[in-house]
Amino acid sequence: MTKIAFLGTLTTTGVVLMVKAILTLKPDSSYNDKREEWYHFPQTYLNQIRNSLGDWFIYYEPRRLSTHLNKAGGKQAYFAVGKIADIKSDLHNEGHYYAKIEKYLDFDHMVSFKEGDFYYEGGLVKEDGSTNKGAFGRAVRNIEDHEYEAILRAGFEFSLIGEEKYYRRNAEPVQEFGEGEQQEFERPIVEKLVARPFRDDAFRFSVRHAYNETCAMTGLKIINGGGRPEVQAAHIMPVADKGPDSIRNGLALSGTVHWMFDRGLLSLDDEYRILTADEYLPPQVKHLLNSSGRITLPERSEFFPHPRYLEFHRKTFFKG
């Protein structure tokens, strides 16, 4: 396991105004990235990262060419947000650096880099309206506050609407926002990113969608009369133990299974096999679990539970 010690902030002379950034991240990147904790980058982008030190960034997934992943071609979409907390030289790779990441949060759905003729990043469009491929090819791009705000509003659309209104909206004809609702929606979203209730809502939306609103351990998919799924979102490594609000640190579980998982009566190995604490569980519980003995995984492999979080759960909570 890679360990990185961030020993202090790199500084430059003069006054540097913080600006927000777009960080390009490929699921199959050759860099030593761990999206929830650090971003690995070459010296080419050091100034751009320094400009955003202490400020927020947005992760962007480009079009990828790998064929071994279960989805061919990248989404060309924004998918998560975080904060650049520190920068450190890579002692094992000259000319490379690590940006320490904090406050990571997956969007509740991906956002395409353009909607029709509208580009979220003004620097990606030429005067004639075509895409600026030179700018697009840069892995790190600084952006304006209003661009950042627009991307986040699109990426957290479901969370901003609220769970009850979102599922009601999808079960019934779409209704316009009332005046009070519109005023609430227009509040600066950056104020919400550090608030636990908003982060919980966004985490729940993103994990549910990744698992198709289905319990990973039982295969149950129950939708109530208002269109809301009954499945819950469980952190594998709890927030109290500095677990991130990442889909890779989440599982969609039904209420009872969630309770058993949190108390260490159930866990997972690195092959996604379900582990049971037989000494504490009645035999009937096993009949509820997937007959395959493994969880049902998300369609996208980059959303699979990360081994680090699974290992933490086994060592810290599992009673088997």
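Two strands count as paired when DSSP finds at least two bridges between them. I kept that in mind as I opened this model, which is a predicted one.

**Entry 1: the sheet**

I began with the strand order. There is an open sheet of six strands, running β2-β5-β4-β3-β1-β8 with mixed pairing. Its edges are β2 (38–42) and β8 (140–143), each of which pairs on one side only. I also looked up the twist: ignoring direction, neighbouring strands here are turned by 35 degrees against each other on average.

Next I asked what packs on this sheet. Helix α3 (residues 145–155) does, and it touches β1 (20–24), β3 (56–61), β4 (77–89), β5 and β8. The direction of α3 makes about 50 degrees with that of β5.

**Entry 2: strand partners, one pair at a time**

As a reminder to myself, strands of a sheet pair through backbone hydrogen bonds, either parallel or antiparallel. I then went through three of the pairings.

- β2 and β5 (residues 96–112) run antiparallel and are joined by five bridges. Trp38 stands opposite Lys100 in β5.
- β3 and β4 are antiparallel too, with six bridges between them. Here I found Tyr60 opposite Tyr78 in β4.
- β4 and β5 pair in the antiparallel sense over ten bridges. Ile87 faces Ala99 of β5 across this pairing.

I stayed with β4 and β5 for a moment, since they form a hairpin. Six residues lie between the two strands, and in this hairpin Gly95 takes a positive phi near 80 degrees. I also checked how well β4 is covered: ten of its 13 residues are buried, so I noted the strand as mostly covered.

**Entry 3: aromatic rings**

How many aromatic pairs does a search of the whole structure find? The search finds 18. I followed up two of them.

Tyr59 and Tyr104 make a tilted pair, 6.1 Å centre to centre with 50 degrees between the planes. Tyr59 sits in strand β3 and Tyr104 in strand β5, 45 residues apart, so I filed this as a link between distant parts of the chain. Both tyrosines are buried.

Phe113 and Phe136 have ring centres 4.8 Å apart and planes at 45 degrees, so this pair is tilted as well. Phe113 comes from the loop between β5 and β6 (114–115), while Phe136 belongs to helix α2 (residues 133–136), 23 residues away. Both phenylalanines are buried.

I also noted one aromatic cluster, formed by Tyr39, Phe41, Phe57, Tyr59, Phe79, Tyr97 and Tyr104.

**Entry 4: the nonpolar cores**

The largest nonpolar core has 31 residues, and those with the most contacts inside it are Met217, Leu251, Leu253, Leu266 and Ile295. I looked up which elements feed this core: α7 (196–210), β9 (232–235), β10 (250–253), α8 (255–262), β11 (266–268) and α10 (307–316) each supply at least two residues. Another core, of 26 residues, lies apart from it and includes Val111, Phe113, Tyr148 and Ile189.

I picked Ile295 for a closer look. Beyond its neighbours within four places in sequence, Ile295 is in contact with Ala216, Met217, Leu251, Leu268, Tyr272, Ile274, Asn290 and Pro305.

**Entry 5: which side of α10 is buried?**

The buried residues of α10 are Tyr309, Leu310 and His313. They cover an arc of only 100 degrees around the axis, which puts them on the same side of the helix. This fits the general pattern: an α-helix has 3.6 residues a turn, so residues three or four places apart point the same way. The buried residues of α10 pack against α8 and β11.

**Entry 6: single residues I wanted to check**

Glu213 has a positive phi near 55 degrees, although it is not a glycine. Glu213 lies in the loop between α7 and β9 and is buried, with a relative accessible area of 17%.

Tyr272, one of the contacts of Ile295, also has a positive phi, of about 70 degrees, without being a glycine. Its place is the loop between β11 and β12 (274–276). Tyr272 is buried, at a relative accessible area of 15%.

Is Gln48 buried or exposed? Its relative accessibility is 17%, and the cut-off for buried is under 20%, so Gln48 counts as buried. Gln48 is in helix α1 (residues 46–51). Apart from neighbours within four places in sequence, Gln48 is in contact with Arg138, Val140 and Asn142.

How values were computed
Residues are numbered from 1 along each chain as its sequence is written. This is a predicted model: local features need pLDDT of at least 70, side-chain atom pairs count only at pLDDT 80 or more; totals for chains, interfaces and linings use all residues. Side-chain values use heavy atoms; hydrogens and water are left out. Helices (H or I, at least four residues) and strands (E, at least two) are DSSP runs, numbered from the N terminus. Buried means under 20% relative accessible area, exposed over 50%, partly exposed in between (1.4 Å probe, protein chains only). Contact means heavy atoms within 4.5 Å. A nonpolar core is a set of buried Ala, Val, Leu, Ile, Met, Phe, Trp, Tyr and Cys residues joined through side-chain atoms within 4.5 Å. The arc is that of the directions from the helix axis to the C-beta atoms. Axes are lines fitted to C-alpha atoms, for helices over the stretch in contact, and angles run from 0 to 180 degrees between N-to-C directions. Rings of Phe, Tyr and Trp (its six-membered ring) pair if their centres lie within 6.5 Å; planes under 30 degrees apart count as stacked, over 60 as edge-to-face and the rest as tilted.
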